[in-house]
Amino acid sequence: MSLQDDLSAVRRNLDELTRKVEQLEQQAKRQKPAPPSAAPDPSRMVTIPDTPYDNALWTDTDDEGLGARDRHAP
């Protein structure tokens, strides 16, 4: 391809992009604005404590993808 062909292809792509952006802008103008989002329902919220987890929870567990703690990869 020559430089002229490359420039023509870029110009066509830019023109197409401009048309698509104009179409999106028109669609956005026609859409109704979204209603404001409601505040989260406090009854569905879960409080997660900042205290560390009990290490006993992790007894006999494997590290995902790493295998068991007391064994080594072959």
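Val46, Ile48, Tyr53, Leu57 and Trp58 make a nonpolar surface patch of about 630 Å². The model is predicted. Its mean pLDDT is 84. The protein has one helix and two strands.

**Surface patch**
- One of the patch residues is Ile48.
- Ile48 sits in the loop between helix H1 (3–30) and strand E1 (62–63).
- The relative accessible area of Ile48 is 61%, so Ile48 is exposed, the cut-off for exposed being over 50%.
- The other patch members are Val46, Tyr53, Leu57 and Trp58.

**Fold**
- Counted from the N terminus, the order of elements is α-β-β.
- The helix, H1, spans 3–30, and strand E1 spans 62–63.
- Strand E2 covers residues 67–68.

**Burial and exposed area**
- The protein has 74 residues, and 3% of them are buried.
- About 7900 Å² of the protein is exposed.
- Carbon and sulfur atoms supply 55% of that area.

**Confidence**
- A pLDDT of 70 or more is reached by 82% of the residues.
- Among the elements, H1 has the highest mean pLDDT, at 95.
- Strand E2 has the lowest, at 62.

Terms used
Residues are numbered from 1 along each chain as its sequence is written. This is a predicted model: local features need pLDDT of at least 70, side-chain atom pairs count only at pLDDT 80 or more; totals for chains, interfaces and linings use all residues. Side-chain values use heavy atoms; hydrogens and water are left out. Patches are made of residues with over 30% relative accessible area and no salt bridge: like charges are joined within 9 Å, nonpolar side chains (Val, Leu, Ile, Met, Phe, Trp, Tyr) within 5 Å. Accessible areas come from the Shrake-Rupley method with a 1.4 Å probe; for residues, only the protein chains shown count as cover. A salt bridge is a side-chain nitrogen of Lys or Arg within 4 Å of a carboxyl oxygen of Asp or Glu. Helices (H or I, at least four residues) and strands (E, at least two) are DSSP runs, numbered from the N terminus. Buried means under 20% relative accessible area, exposed over 50%, partly exposed in between (1.4 Å probe, protein chains only). pLDDT is the predictor's confidence in each residue, from 0 to 100.
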